[in-house]
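Here's a set of exercises to work through with the structure open beside you. Try each one yourself before reading the solution.

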Amino acid sequence: MDFILLGPPGAGKGTQAKLMIDKWQIPQVSTGDILRAAVREGTPLGVEAKGFMDRGELVPDRVVIGIIAERLKEDDAAEGFILDGFPRTIPQAEALQGILQDLGRNIDHVISIDVDDEELVTRLTGRRMCKGCGESFHVVFNPSAKEGVCDRCKGELYQRDDDKEETIRQRLRVYGEQTRPLIAYYEKQGKVRRINGTGSIEEIFSRIADAAGN
Ligand code: ADP
Ligand code: ADP
Ligand code: ZN
């Protein structure tokens, strides 16, 4: 079960990945989460990535490809994984193919989640993220039971620096230019299932399960 979750910032990739982990017992591999942890810890990777992230630009391909090549070799990914936020460019997709070939495996499903831009802006400006486990909440659409505290791990919720309107618009532009072409790239391989990403979180999850044939 090797999945890619494709979709613009705010489409619900992280939210759906958490439900997929529970259903299929495979790990979520989020380059955004890995990069944010590196920024928090002040590692060389974090220092290199921070400026790009703050500006709403993509971190260089070489950097994220290196992260993924290491991560997918780990034992917990042996039965499958959910890639969330990777690949984001054609060169990343091509590198992924090489990495998987070396491991003797292949992407099974590319789930592309569609949500229109104004809804994305509303979702992202109200997003609150957990410092502990990376779970996403929303002040209106998906509030935590206790304000500021994660339901899943009791971690502290915060608003990401890049979830301000100006940076969100930039990230949506970058998505359109560099990442949306991946839909056609994977359509050529017959792997894409497009999902309407509007509706309740549970409804969208059942669309994903249907698309994955489960
Ligand atoms: P969102 O969930 O809002 O789409 P992410 O957490 O996936 O955002 O990514 C946050 C930022 O991390 C991106 O704006 C980008 O700077 C960087 N990033 C994450 N994944 C990648 C990637 N695959 N390639 C390049 N940059 C990435
Ligand atoms: P992504 O990982 O694709 O950037 P997230 O999963 O972080 O997106 O979700 C973005 C925001 O939208 C979060 O605040 C989340 O709580 C909220 N959200 C997720 N799914 C839905 C939904 N179906 N309807 C409304 N809001 C949603
Ligand atoms: Zn948490």
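The exercises below go through a metal site, two helices, some aromatic rings and a few backbone details of this predicted model.

**Exercise 1. Find the donors of the zinc ion (ligand 3), and work out the geometry of the site.**

Step one is to pick out the coordinating atoms. They are the SG atoms of Cys130, Cys133, Cys150 and Cys153, at 2.3 Å.

Next, look at how these donors are spread along the chain: the spacing reads C-x2-C-x16-C-x2-C.

Now for the angles. Among the four donor atoms they run from 97 to 116 degrees. Four donors count as tetrahedral if all angles lie between 85 and 135 degrees, and the site of the zinc ion (ligand 3) is indeed tetrahedral.

Last, check the accessibility of two of the donors. Cysteine 130 has a relative accessible area of 3%, so it's buried. Cysteine 133 comes out at 24%, so it counts as partly exposed. The cut-off for buried is under 20%.

**Exercise 2. Which residues of helix α8 are buried, and how are they arranged around the axis?**

Start with the list: in α8, which spans residues 181-188, Leu182, Ile183, Tyr185 and Tyr186 are buried. Look down the axis and you'll find these buried residues within an arc of 160 degrees, so they line one face of the helix.

Then ask what sits on top of them. The cover includes β1 (2-6), α5 (90-102), β4 (109-114), α7 (165-179) and β8 (192-196).

You can zoom in on one residue of that cover's strand β4, namely serine 112. Its relative accessibility is 1%, so serine 112 counts as buried. Leaving out residues up to four places away in sequence, serine 112 touches Leu6, Ile183, Val192, Arg193, Arg194 and Ile195.

To finish, see what comes after the helix: α8 is followed by glycine 190, with a positive phi near 70 degrees.

**Exercise 3. Do the same for helix α3: sort out its buried and exposed residues, then follow the chain past its end.**

The buried residues in α3 (residues 44-55) are Gly46, Ala49 and Met53. They span an arc of only 80 degrees around the axis, so they're on the same side of α3. Pro44 and Val47, on the other side of α3, are exposed. Among what covers the buried residues is α2 (31-41).

Here's a detail to spot along the way: arginine 55 lies over the face of phenylalanine 52, at 5.3 Å from the ring centre.

Past the helix you reach glycine 56, whose phi is positive, near 80 degrees. Glycine 56 lies in the loop between α3 and α4 (61-71). With a relative accessible area of 7%, glycine 56 is buried. As for its partners, not counting residues up to four places away in sequence, glycine 56 touches Thr167, Gln170, Arg171 and Val174.

**Exercise 4. Classify the ring pair of phenylalanine 3 and tryptophan 24, and say where the two residues lie.**

A pair of aromatic rings is described by the distance of the centres and the angle of the planes. There are three aromatic pairs by the rule used here. For phenylalanine 3 and tryptophan 24, the centres are 5.1 Å apart and the planes are at 35 degrees, so this pair is tilted.

The pair links distant parts of the chain, 21 residues apart: phenylalanine 3 belongs to strand β1 and tryptophan 24 to helix α1 (residues 13-24).

What about burial? Phenylalanine 3 is buried at 0% relative accessible area, and tryptophan 24 is buried at 14%.

Step back a little and you'll see that ring pairs link Phe3, Trp24 and Phe205 into a cluster.

**Exercise 5. Where do you find a cis peptide bond, and which loops hold glutamine 25 and lysine 154?**

For the cis bond, go to the peptide bond from phenylalanine 86 to proline 87, with omega near -5 degrees. Proline 87 sits in the loop between β3 (81-84) and α5.

Glutamine 25 is in the loop between α1 and β2 (28-30). Its phi is positive, about 55 degrees, although glutamine 25 is not a glycine. At 64% relative accessibility, glutamine 25 counts as exposed.

Lysine 154 is in the loop between β6 (136-138) and β7 (157-158). Its phi is near 65 degrees, a positive value in a residue other than glycine. Lysine 154 is exposed too, with a relative accessible area of 63%.

Conventions
Residues are numbered from 1 along each chain as its sequence is written. Chains are lettered from A and ligands numbered from 1 in the order in which they are written. This is a predicted model: local features need pLDDT of at least 70, side-chain atom pairs count only at pLDDT 80 or more; totals for chains, interfaces and linings use all residues. Side-chain values use heavy atoms; hydrogens and water are left out. Donors are N, O and S atoms within 2.8 Å of the metal (3.2 Å for Na, K and Ca); water is not among the atoms, so sites may look incomplete. Four donors count as tetrahedral if all angles lie between 85 and 135 degrees; four count as square planar and six as octahedral if opposite donors are over 155 degrees apart and all others between 65 and 115; anything else is irregular. Buried means under 20% relative accessible area, exposed over 50%, partly exposed in between (1.4 Å probe, protein chains only). Helices (H or I, at least four residues) and strands (E, at least two) are DSSP runs, numbered from the N terminus. The arc is that of the directions from the helix axis to the C-beta atoms. Contact means heavy atoms within 4.5 Å. Rings of Phe, Tyr and Trp (its six-membered ring) pair if their centres lie within 6.5 Å; planes under 30 degrees apart count as stacked, over 60 as edge-to-face and the rest as tilted. A charge sits over a ring if NZ of Lys or CZ of Arg is within 6 Å of the ring centre and within 35 degrees of the ring normal.
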